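Let's take a walk through this one together, starting from a single side chain and ending at a metal site. Have the model open so you can click along.

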Amino acid sequence: MDFSLTLEIEAALIVVLLLLYSFDEGSTANTGNQRFRFCLYVTLSAITMDVLSVYGIRSIDEIPVWLNMLISSLNYLLASLNSVVIASYLSFQIFEHFPKHFCRKKISIMIYSLYGIVVAAVVVNLFNNCLFSFQNNEYYRGPLNLLGYLVLICEVLMVGLCYLKNSEIASRSMRKAMRSIPYVVCGILIWQLVCRDIMMNGLIAAMVDLILFISFQSRRNNVDYLTNLGNRGAFVEDLAVLCESEKRLHVIMLCLNKFGRVNREFGQKNGDEFLYAAARYLDNISPAARAYRVGSLEFAIICQEDAEASYLCTVADIRERFMKPWEIGGMKSTLSASVSDLYWDGDESDNTQIIERLEYAMCLAKTEGENGWVHFDRRVRKMMERQKSIIEQMREAIADKSFSVYYQPIYCWKDGLFCSAEALARMSDKDGTQIPPSEFIALAESTGMIGELNWIIVEKVCAFIGKHPELGLKGITINMSIRQFMEKGMKDKLDTILNKYGVSHDILKIEITERVISENPVKARAIMESLTEEGVRFYLDDFGMGYSNFASVLSLPFDTIKLDKSLTDKALGTPKERQIFHSLVEMFLKARYSIVAEGAETEEIVEELKRLHVDRIQGYYYSKPLPEDQYIEFMKTDSR
Ligand code: C2E
Ligand code: CA
Ligand code: CA
């Protein structure tokens, strides 16, 4: 057989194989798959046309000229269309995660304009034979015959330049593809120009399709290496495709807790075996379900509810299994797991919203202990919506610095004075109702906004102190979060604000909790020591609320210990609690700490605190936290 034909048939076989692989069982076709398959279909059509046109030219005596002209024209168009769809697929891949990137639109327009030129040339060719012609039973190349290749080279250059310009946003797969495609295309093109009689269009296209397959479509790109389950990318994509089909879905997320324990006990390698076993179990719970490993210790399962076996996909079964031990090669361990799940029945939510909801429910499940389970229902949805709205409002409040500060007076009974106050952040809802600090502060911490929020508070407090020298304030305490405290340049920032408002360092007291210290004790100490030198005092906040590591607390330069309300209440607790409370206070006083008792609400407790020589008292008994104007009023009148 003719060499050209052999090459074309081999190229076609490669493309058919790729097509079969692209219909990989179990994987759902996402936009990328669909585009790739489209490339393959176009390549196959182009090769078929190529073979037909070779046959037509070889049998020029037996075929009417008009038919040969038609076949060759279609062949020219399809060969060029093939390079267009491949170039467009590549540009789609460059901007995979930036679909709105302006370059993406620009390059699409350029690629399709080039194709427009080819189409025009093919039409014009019918009249003036500029590309090719059939005369006297011979095939002639026209002066513009190489236009198709020229367009191909332009496209390669355009995609190449576009890639180079945007290489920082391109994926690893894209880099892989761009390392080979230009060389392969140019190599075969040069070969083609040398051997003008051999047809290599099909070969070029098949080779490029093969590289695209290896780089983007190979199942390995979407498979987790350890468990062989689909990875996070596969989960996101499959969910997107299933959300388009009207099937009812049950999506489950599962997160293994304290898996480090298993690794420590049996070693990393055996730990992997446990993960593998869990993955196999999850992948086999139902024929209608597919499992994914979406994080190192997180799995997801999508059950398609229209299938008959879907009832097997119950969270109860999964949870029950994870409460029992797993046995592998004589090793036995339980793998506790938190679970979240939701039903999707064609509502407006898309794949990213489904994942966001599952992750939110997972956060709640994790707060329920080791084997917690939260089903995303209307109640959870409300909570999530409230949380989102608070975060949104917080972002706005940070942008326009609209947090307010309330001051809660602290009473020094020995001097008979409200010697200081604690500054507390306040934030209002859109309709003016206050959002409890316990709610928004926790969110600010988990989202990382707490640093910015706290600096706004510090600035407002300093402005307030600077503006009201007549109040003779001796101290205002502010609360600092870990993030703010450990921030680079924190001390300089604080100095700048204090200087800006002419506030002396010894007025400002900083309340921090043990958590702040335990995060990085060495750094915490360094910051505390350098600020203490300048006169800033530190209060240990919320003492008695959780686990208290005396040794670390006592070794740091704290000036004052603030007893949490839960501890203060013990002053009037059972005889044993009173005894412990008394001893604790005595110990701190002996160690020359100053003590503030928080949350004193009644006269009895205040009297008891005084009897035990607790220096300062803060609580509703004296005053609730007050807005600026009321605090000024309080200091001018009530405090005397
Ligand atoms: P905290 O630092 O322990 O603040 C004292 C809390 O106890 C305040 O709650 C105060 O209103 C409340 N309290 C005071 N006296 C009494 C009392 O007699 N009875 C009762 N039941 N409660 C009393 P608030 O203002 O709701 O603040 C809650 C927490 O939010 C604060 O606890 C603090 O951890 C945090 N927070 C508030 N403002 C800020 C801030 O600007 N920055 C940071 N990082 N955290 C803040
Ligand atoms: Ca505090
Ligand atoms: Ca406190």
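Start with Asp341, whose side chain makes a polar contact with the side chain of His375 at 3.0 Å. Keep in mind as you look that this is a predicted model.

Where does Asp341 sit? You'll find Asp341 in strand β8, which covers residues 337–344. Is Asp341 buried or exposed? With a relative accessible area of 2%, Asp341 is buried, because anything under 20% counts that way.

Now look at what surrounds Asp341. Setting aside neighbours within four places in sequence, Asp341 is in contact with His250, Val251 and Ile252, and also with Val315 and Leu358. The rest of that list is Trp373, Val374, His375 and Phe376, and His375 is the polar partner we began with. For a sense of scale, try Met158: its C-alpha atom is separated from that of Asp341 by 46 Å, with the two positions 183 residues apart along the chain.

Next, swing over to the calcium ion (ligand 3). Which protein atoms hold the donor positions here? They come from Asp541 (OD), Asp542 (OD) and Glu598, which is listed with OE twice, and they lie 2.2 to 2.6 Å from the ion. Along the sequence, the donor residues of this calcium ion (ligand 3) follow the spacing D-D-x55-E.

Asp541 has a further role at this spot: it bridges the calcium ion (ligand 3) and the calcium ion (ligand 2), and those two ions lie 3.8 Å apart. Asp541 counts as buried because its relative accessibility is 7%, whereas Asp542, at 23%, counts as partly exposed.

Key. Residues are numbered from 1 along each chain as its sequence is written. Chains are lettered from A and ligands numbered from 1 in the order in which they are written. This is a predicted model: local features need pLDDT of at least 70, side-chain atom pairs count only at pLDDT 80 or more; totals for chains, interfaces and linings use all residues. Side-chain values use heavy atoms; hydrogens and water are left out. Donors are N, O and S atoms within 2.8 Å of the metal (3.2 Å for Na, K and Ca); water is not among the atoms, so sites may look incomplete. Buried means under 20% relative accessible area, exposed over 50%, partly exposed in between (1.4 Å probe, protein chains only). Helices (H or I, at least four residues) and strands (E, at least two) are DSSP runs, numbered from the N terminus. Contact means heavy atoms within 4.5 Å. A polar contact is a pair of N or O atoms within 3.5 Å; within protein, one must be able to donate a hydrogen and the other to accept it, and residues adjacent in sequence count only if both atoms are side-chain atoms.
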